[in-house]
Amino acid sequence: IYQKRGGVEYYTTYFFDSQQNLTKSEILQKAGGIDEKVTTTTYSDFDNAKNPFKKLYLINDDFYEKGLSTNNFRTKETVSQYLPTPANGNTNYPPGYAKDQWSYNYDSNGQILLYYPLKKL
């Protein structure tokens with residue numbers, strides 16, 4: 001997938017496992033034709049529930065990514081690395097790291113609840 005915003009180009013590649021779950025994405029950021037940054041995200045801890053976001057392809061990045069998988073990932077780890085370029089004095093910067101985790105409530109059939117049932121008082 002290719003996108004261009006404000007003179008910066010983004011090339012995204014998605015990787016899937018045999019169950020059609022998104023396992024990894026790589027984003028290459030270029031400016032002026034020069035590779036500037038690589039961001040690698042790994043997705044893990046999949047459940048066995050059907051993905052309620054499948055094929056919704058909502059605008060938000062998290063929901064878009066969630067919509068690509070058959071099942072639901074509960075952990076997402078991202079590493080971003082700026083590459084040495086003439087613009088940054090060919091400096092090696094330490095990579096950035098982020099980790100997100102989600103928890104879901106499931107019904108008796110093991111499917112995700114998108115709402116919380118009201119309890120009788």
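A residue counts as buried when its relative accessible area is under 20%, and as exposed when that area is over 50%; values in between count as partly exposed. This cut-off is applied below to a predicted model.

The secondary structure of the protein consists of one helix and six strands. Along the sequence, these elements follow the pattern β-β-β-β-α-β-β. The protein has 121 residues, and buried residues make up 27% of them. Its accessible surface comes to about 8,300 Å². Carbon and sulfur atoms account for 53% of that surface. Among contacts with a separation of 6 or more, 43% join residues 24 or more positions apart.

Strand pairing was examined next. Strand β4 spans residues 34-44. It pairs with β5 in the antiparallel sense, over eight bridges. One of the residues involved is Lys 37, whose bridge partner in β5 is Tyr 82. Strand β5 covers residues 75-82, and β6 covers residues 96-101. These two strands are also antiparallel, with six bridges between them. Here Thr 78 has Ala 98 in β6 as its bridge partner. β5 thus pairs with β4 and with β6. In a regular strand, side chains alternate between the two faces of the sheet.

The loop between β5 and β6 holds Asn 90. The phi of Asn 90 is near 55 degrees. This is a positive value in a residue other than glycine. A positive phi also occurs at Gln 20, at about 65 degrees, and Gln 20 is not a glycine either.

Gln 20 lies in the loop between β2 and β3. Strand β2 runs over residues 8-16 and β3 over residues 22-31. Asn 21 is placed in this loop too. The two loop residues fall into separate accessibility classes. Gln 20 has a relative accessible area of 45%, so it is partly exposed. Asn 21 has a relative accessibility of 3%, and therefore counts as buried, because the limit for that class is under 20%.

The surroundings of Asn 21 were then considered. Neighbours within four places in sequence were left aside. Asn 21 is then in contact with Phe 15, Phe 16 and Phe 46, and with Ser 69, Thr 70 and Asn 71. Thr 70 appears again in a specific approach: the side chain of Asn 21 reaches the backbone nitrogen of Thr 70 at 3.1 Å. Asn 21 is thus a buried residue in a loop, with its side chain directed to the backbone of Thr 70.

Notes: Residues numbered from 1 in each chain as written. Predicted model: local features only at pLDDT ≥ 70, side-chain atom pairs only at ≥ 80, totals over all residues. Heavy atoms only, no water. Helix = DSSP H or I, 4+ residues; strand = E, 2+ residues; numbered from the N terminus. Buried < 20%, exposed > 50% of the residue type's maximum accessible area, 1.4 Å probe, protein only. Polar contact = N/O pair within 3.5 Å; in protein donor to acceptor, adjacent residues only side chain to side chain. Contact = heavy atoms within 4.5 Å. Areas by Shrake-Rupley, 256 points an atom, 1.4 Å probe, with all protein chains shown as cover. Pairing = 2+ DSSP bridges.
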